[in-house]
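Me: I am new to reading protein models. Can we go through one with short questions?

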Amino acid sequence: MIEKQLFEYLQYQYSPIISDIINSNVGFYRTNQTIKWRFGYDERVAIFAWCDKKTNIITVNIAAVDFSFQKNEPLHIEYFLLHEIRHIYQHLEIEDYRADPSKCNNEELAKEWAEEENNYVTALDKDGNENAEYFAQDMELDAFAYSYAVMKYKYGEVEYLYIPKAYRNEEFDKIVAKWQETFKDENL
């Protein structure tokens, strides 16, 4: 666990940075929902953030943020915030699908996401090992491709960004390229 004083210091230090990242990317979100977030703590720095599907509040792991700055890899923070913000979009689409499928941007995709949400596979199993099935979910493929596309669109190649092995393939590359084309067409 982290000492309360250190947590408060890091929160004070990094809050403006997280707010700036969130506010600077609004044009990419595909939703006008205000992004709500807070800091949390998990000693596992590979876990950057998580989104509560009921409240759509993102919890940002302050240990991961601090570690990213220590390693001089600050764009990981933006990358994973975008990933979690994409999950907010997905949750909103699922809500619309369940209420009235005709309101969805993509009814078929919303249906698939709703089914996945009901049987969601977490990134780590109960023993803390990586779940291969996690990456097979379309919700995760979509969130990783979307966030990587935004980062690539804004910054070009960022060598240190985490691309799961499961997505180092032509399908992922095509999705990323399609997103980048969309962003360019929208003059983002």
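The turns below go from the whole chain to one residue.

Reply: Ready. Keep in mind that this is a predicted model.

Me: How many helices and strands does the protein chain have?
Reply: Read along the sequence, the pattern is α-β-β-β-α-α-α-α-α-α. The strands sit together in that pattern, after one helix and before the others. The count is seven helices and three strands.

Me: What radius of gyration does the protein chain have, and what would a compact globule have?
Reply: The protein chain has 188 residues. A compact globule with 188 residues would have a radius of gyration near 16 Å. The value for the protein chain agrees with that: 17 Å.

Me: What share of the residues is buried?
Reply: Buried means under 20% relative accessible area. The protein chain has 188 residues to sort by that cut-off. The buried share is 45%.

Me: How far apart are the mean positions of the positive and negative charges?
Reply: The protein chain has 20 positive and 35 negative charges. Each set has a mean position. The two mean positions are apart by 1 Å.

Me: Which side chain of opposite charge is nearest to Glu93?
Reply: Glu93 lies in helix α3, residues 75-99. Glu93 is buried. A salt bridge needs the atoms within 4 Å, and Glu93 has none. The nearest side chain of opposite charge is 7.8 Å away, and it belongs to Arg86.

Me: Which residues does Glu93 touch, leaving out those up to four places away in sequence?
Reply: Contact means heavy atoms within 4.5 Å. With sequence neighbours up to four places away left out, Glu93 touches Cys104, Asn105, Asn106, Ala110 and Trp113.

Terms used. Residues are numbered from 1 along each chain as its sequence is written. This is a predicted model: local features need pLDDT of at least 70, side-chain atom pairs count only at pLDDT 80 or more; totals for chains, interfaces and linings use all residues. Side-chain values use heavy atoms; hydrogens and water are left out. Helices (H or I, at least four residues) and strands (E, at least two) are DSSP runs, numbered from the N terminus. The radius of gyration is taken over C-alpha atoms; the globule rule is 2.2 Å times the number of residues to the power 0.38. Buried means under 20% relative accessible area, exposed over 50%, partly exposed in between (1.4 Å probe, protein chains only). Lys and Arg count as positive and Asp and Glu as negative; His and the chain ends are not counted. The place of a charge is taken as NZ of Lys, CZ of Arg, CG of Asp or CD of Glu.
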